[in-house]
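The exercises below are meant to be worked with the sequence and the coordinates open side by side. Try each task before reading the solution that follows.

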Amino acid sequence: MNEIRFHNTLSNRLEALAPLHPGEVRIYTCGPTVYDFAHIGNFRTFVFQDILRRFLLSRGLRVMQVMNLTDVDDRIIQKAAEAGVSIREYTEKYIEAFLADMAALNLQAPEEIVRATDHVEDMVDLIERLKEKGLTYESEGSIYYRIAKFPEYGKLSKIDVGGMKAGARVDNDRYEKDDARDFALWKAPKPGEHFWETRIGPGRPGWHIECSAMAMKYLGETLDIHTGGVDLTFPHHENEIAQSEAATGHPFARMWMHAEHLIIEGEKMSKSLGNFFTLRDLFMKGQKPSTIRYLLLSVPYRRQLNFTGDSLKQAEASVERLRNFVTRLKTEGFAAGSNAKIEKLADKAEEDFDAGLADDLNTAFSLAAIFDLVREVNTAMDRGEFRQQDAPRIVAAMQKFDPILAVLNDDDADKLAKVGFVPKKPRMNAEAVEALIEQRNVAKKRRDFKKSDEIRQQLADSGIILEDSKDGSVRWKYK
Ligand code: AMP
Ligand code: ZN
């Protein structure tokens with residue numbers, strides 16, 4: 001089997017995966033900031049992370065993945081205060097929606113999903129450790145990390161730290177700092193907004209300390225893989241490294257994997273451009289969960305994903321093609337016997353599928369392996385070269401792919417129903433309605449009222465209303 005190699009942002013190279021604890025891969029994933037519904041760009045990154053974990057599981061590795069929910073954030077605290085509700089009350093709706101959206105896209109739940117609000121104590125502990133080591137200073141009730149004390153700062157994002165101008169805004173806060181590069185570990189309370197009363201004073205944690213504290217609490221001081229979208233490399237992940245490594249003296253994450261962004265029709269997604277979509281927006285437009293999952297996984301994570309109407313159509317057709325192929329395998333009758341060539345095709349497709357994923361999750365290569373198989377098997381079937389005993393072998397190959405792709409099961413309607421969308425049934429056409437009415441008339445003449453009632457019900461279920469008039473004729477209309 002091929003060695004698993006992933007691109008590590010830290011070394012900027014492909015590296016062999018070598019978990020610290022043999023057989024188990026410990027992963028930390030920056031989760032969503034829950035002040036709004038997640039958008040499909042966010043889900044591009046979450047789908048990448050799902051493919052990562054599913055691939056590792058397919059290799060028989062244990063996965064311990066922790067994802068946080070950022071429910072402490074300046075915007076959340078401000079919005080909750082404006083709405084006059086607690087942070088929990090404000091974020092609950094978005095957390096629920098996020099978990100439901102994850103399920104709709106067949107994203108496996110990480111082993112732990114943790115909230116920042118449940119870990120303020122751990123963050124305070126970590127800030128105290130940094131304080132003891134002389135890495136912090138206080139200003140106007142806030143506590144800052146002194147970057148100058150961590151010479152390796154910049155090693156992940158490769159930014160030129162010296163070139164960062166004084167006064168440049170690298171963080172979301174508007175507090176007084178000694179050096180523009182420094183960032184807040186702990187923020188002083190703002191009037192009317194929520195704060196925590198703690199050993200290091202009243203206030204709230206900065207965003208970066210949340211992830212360092214939660215990652216190390218659940219995964220130990222050194223994790224195998226830390227993931228996120230490219231925009232998190234700087235400053236978020238750079239700051240996580242500075243906090244964690246200065247506190248422990250050990251490497252924080254051995255491997256950093258970052259997903260390139262999703263853009264829409266060649267442009268950045270933004271509310272002002274009107275091209276900003278949540279998953280629910282797409283469901284409203286009639287897109288299926290499996291189409292979106294397929295599209296998001298089909299572009300390897302380090303390539304920018306251009307989300308277009310055409311790419312959606314292609315993704316839908318690809319899923320359809322795979323599902324039809326499995327149906328054909330299971331339902332068509334084939335002549336007895338087996339064809340050695342088919343067995344070989346299946347072996348090759350399985351090997352290539354795995355090799356693609358082992359090569360830095362090259363999903364495009366893995367999908368090409370499947371579609372080659374589908375094409376060749378379809379041709380063999382059309383030519384009568386496919387035999388009865390070949391079918392289970394090919395079905396088995398498809399069943400090996402799907403724990404990672406997770407699109408073969410035709411359950412889109414159920415998935416949509418779970419997030420509150422009931423797909424519209426196509427209208428029954430007028431000819432079909434007339435034909436059923438005629439059958440009902442015949443049944444009535446035979447005095448088969450059971451049958452005629454059944455037909456009336458069938459029409460009613462399809463949204464057709466019947467009106468029996470006195471002269472015996474029947475009029476009908478759509479509901
Ligand atoms: P946020 O909710 O902003 O904290 O983001 C959640 C995740 O989505 C992070 O890993 C981000 O890096 C990622 N992300 C944000 N925008 C995009 C985008 N357009 N394409 C891909 N990933 C994104
Ligand atoms: Zn994070």
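**Exercise 1. Aromatic pairs**

How many aromatic pairs does a search of the whole structure find? Describe two of the pairs by geometry, by place in the chain and by burial.

Solution. The model is a predicted one, and a search of the whole structure gives 13 aromatic pairs. Begin with phenylalanine 48 and tyrosine 301, whose ring centres are 4.4 Å apart and whose planes make an angle of 10 degrees, a stacked pair. Next, place the two partners: phenylalanine 48 belongs to helix α1, while tyrosine 301 sits in the loop between α8 (289-298) and β14 (305-307), so that the pair links distant parts of the chain, 253 residues apart. Both phenylalanine 48 and tyrosine 301 are buried.

For the second pair, take tyrosine 145 and phenylalanine 183, with ring centres 5.1 Å apart and planes at 10 degrees; because planes under 30 degrees apart count as stacked, this pair is stacked. The pair also links distant parts of the chain, with tyrosine 145 in strand β7 (residues 142-145) and phenylalanine 183 in strand β8 (residues 183-187), 38 residues apart. Tyrosine 145 has a relative accessible area of 0% and is therefore buried, and phenylalanine 183, at 1% relative accessibility, counts as buried too. To finish, note that Phe37, Tyr90 and Tyr94 form one aromatic cluster.

**Exercise 2. The surroundings of ligand 1**

Which residues come nearest to ligand 1, and which secondary structure element supplies the largest share of the shell around ligand 1?

Solution. Around ligand 1 there are 15 residues, of which Thr33, Gly41, Thr45, Asp231 and Leu262 come nearest. Sorted by character, the residues of this shell are four nonpolar, nine polar and two charged. Then assign them to elements: α1 (40-58) and β11 (223-229) each supply at least two residues of the shell, and α1 has the largest share, with four residues.

The next step is to look at polar side-chain atoms that face oxygen atoms of the ligand. For threonine 33, a polar side-chain atom is 2.9 Å from an oxygen atom of ligand 1; for asparagine 42, the corresponding distance is 3.0 Å; and for aspartate 231, it is 2.5 Å. Ligand 1 on its own has 490 Å² of accessible area, and the protein covers 86% of this.

**Exercise 3. Cysteines and disulfides**

How many disulfides does a search of the whole structure find, and are cysteine 30 and cysteine 211 buried or exposed?

Solution. Recall that a disulfide is a covalent bond between the sulfur atoms of two cysteines. The search of the whole structure finds zero disulfides. Turning to burial, where the cut-off is under 20% relative accessible area, cysteine 30 counts as buried because its relative accessibility is 6%, and cysteine 211 is buried because its relative accessible area is 0%.

**Exercise 4. The chain and its backbone exceptions**

What does the secondary structure of the chain come to, and where are a cis peptide bond and residues with positive phi found?

Solution. Start with the chain, whose secondary structure comes to 15 helices and 16 strands. Of its 479 residues, 54% count as buried, and its C-alpha atoms fill a box of roughly 95 × 65 × 35 Å along the principal axes.

Within this chain, a cis peptide bond joins phenylalanine 234 and proline 235, with omega about 0 degrees, and proline 235 lies in helix α6 (residues 233-248). Lysine 158, although not a glycine, has a positive phi of about 60 degrees and is placed in the loop between β7 and β8. Since its relative accessible area is 47%, lysine 158 is partly exposed. Glutamate 265, which is not a glycine either, has a positive phi of about 45 degrees and is found in the loop between β13 (262-264) and α7 (279-284). At 52% relative accessibility, glutamate 265 counts as exposed, because the cut-off for that class is over 50%.

Methods: Residues are numbered from 1 along each chain as its sequence is written. Chains are lettered from A and ligands numbered from 1 in the order in which they are written. This is a predicted model: local features need pLDDT of at least 70, side-chain atom pairs count only at pLDDT 80 or more; totals for chains, interfaces and linings use all residues. Side-chain values use heavy atoms; hydrogens and water are left out. A residue is near a molecule or strand if one of its heavy atoms lies within 4 Å of it. A polar contact is a pair of N or O atoms within 3.5 Å; within protein, one must be able to donate a hydrogen and the other to accept it, and residues adjacent in sequence count only if both atoms are side-chain atoms. Accessible areas come from the Shrake-Rupley method with a 1.4 Å probe; for residues, only the protein chains shown count as cover. Ala, Val, Leu, Ile, Met, Phe, Trp, Tyr, Cys and Pro count as nonpolar, Asp, Glu, Lys and Arg as charged, and the others, Gly among them, as polar. A disulfide is a pair of cysteine sulfur atoms within 2.5 Å. Buried means under 20% relative accessible area, exposed over 50%, partly exposed in between (1.4 Å probe, protein chains only). Rings of Phe, Tyr and Trp (its six-membered ring) pair if their centres lie within 6.5 Å; planes under 30 degrees apart count as stacked, over 60 as edge-to-face and the rest as tilted.
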